[in-house]
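Subject: Structure handover

Hi,

Here is the structure I promised, with my notes below it. Please open it alongside this email.

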Amino acid sequence: MDKVKAKKEFGQNFLKDDSVLNKIIQSMPHNNNHIVEIGPGLGDLTKNLVKYKDVTAYEVDTDLIGILKSKFAKELESKKFTLKHIDVLKAWDELNSLHNGKYDLIANLPYYIATNIILRAFEDDLCEHIIVMVQKEVAEKFTAKVNDKEYSSLGIITETISKDSRILFDVPPEAFDPMPKVISSILYIKKDLSKKFDKDFNKFLKSCFVQPRKKLSKNLSSIVDKNKISTIFEDLNLNDNLRPHEVSASLYSQMYTKVKDGRD
Ligand code: SAM
């Protein structure tokens, strides 16, 4: 292994299992999209990605930049590989999009900011596919459907803006160096590029789930007038005893449209 000490503060767990790396590569969509990788680390996934497509990678750790530059000197020169030394969240703030054409995000994400990164990728109109390694519990939240234990705003947003979302497979701690304390999963999301991510809808959903075991109408009462809630529940034929996890993504969308009515 390259002589670097993994840094906890950057969520560094380097993927070392070739069979997992191969399975990620096999799941790559067959299209002409560019690849964006967040956190190339020591370059093990990158090495496989650049065999097939042009890649732009964002890495925050200065110590890794030198290693990557020498490992990928040929690909950097031929422009098959572009390396950006920056915190990816800042890059998004500065650029809006991580690439200037359609791209797929493929990465073994730093877990401490994985949810944030996926939500940014939802907002980024040029990002079409998301294939990322995350903590298993996080993957379950993004793919949860109505009545599932893990169902929350994340599952609803994903269902609203995607054509397909699945967990492809789980990855045990032994596949990494150093080993994380958790099981990981590869999360696959194909976005529907005709749908826009609506930050206000996301905020609305968070309020709906603020106390997940309480009645939905009770949670809603902190942001919507009680009479309006009754009218909306009546219009949509919803029972007042419903809990937040019992309402489908499409009903949440309809409810949100009605809540907004009169506010715009
Ligand atoms: N891709 C490598 C692999 O599979 O072995 C490394 C994955 S490791 C889980 C996460 C990587 O993300 C590390 O290289 C870490 O330095 C990088 N990283 C952490 N925070 C970052 C940030 N805010 N912006 C860009 N890269 C970041």
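The shell around the ligand has 14 nonpolar residues, six polar ones and four charged ones. Keep in mind that this is a predicted model. Among the 24 residues around the ligand, five come nearest: Leu15, Gly39, Gly41, Asn108 and Pro110. Four elements each give the shell at least two residues. Two are strands, β1 (14-15) and β3 (55-59). The others are helices, α2 (44-49) and α5 (88-95).

Confidence next. The chain has an average pLDDT of 96. A score of at least 70 is reached by 98% of the residues. For the complex, the predictor reports an ipTM of 0.99 and a pTM of 0.96. The usual caution: where pLDDT is low, coordinates from a prediction should not be read in detail.

Now the fold. The chain holds twelve helices and nine strands. Seven strands form an open sheet with mixed pairing. Their order is β4-β3-β2-β5-β6-β9-β7. At the edges sit β4 (81-85) and β7 (162-171), each paired on one side only. On average, neighbouring strands in this sheet are turned by 15° against each other, ignoring direction.

One pairing in detail: β6 (residues 127-135) runs antiparallel to β9 (residues 184-191), and seven bridges link the two strands. In that region, Gln135 stands opposite Ser184 of β9.

Two helices are worth a look against the strands. Helix α6 (residues 114-123) packs on the sheet and touches β2 (34-38), β5 (103-108) and β6. The direction of α6 makes about 170° with that of β6. Helix α7 (residues 136-143) lies across β6, β7 and β9. Relative to β7, helix α7 runs at about 160°.

What about overall dimensions? The C-alpha trace spans about 65 × 35 × 30 Å along its principal axes. The radius of gyration is 20 Å; a compact globule of 264 residues would have one near 18 Å, so the two agree.

Finally, two backbone details to check in your viewer. Most peptide bonds are trans, and most residues other than glycine have a negative phi. Asp177 and Pro178 are joined by a cis peptide bond, with omega at about -10°. Pro178 lies in the loop between β8 (176-177) and β9. Lys79 has a positive phi, near 70°, and is not a glycine. Lys79 belongs to the loop between α4 (73-78) and β4.

Best wishes

Definitions and conventions: Residues numbered from 1 in each chain as written. Predicted model: local features only at pLDDT ≥ 70, side-chain atom pairs only at ≥ 80, totals over all residues. pLDDT = per-residue confidence, 0-100. Near = placed C-beta within 6 Å. Nonpolar A, V, L, I, M, F, W, Y, C, P; charged D, E, K, R; others polar. Pairing = 2+ DSSP bridges. Axes fitted to C-alpha atoms, helices over the stretch in contact; angles between N-to-C directions. Contact = placed C-beta atoms within 7 Å. Rg over C-alpha atoms; globule rule 2.2 N^0.38 Å.
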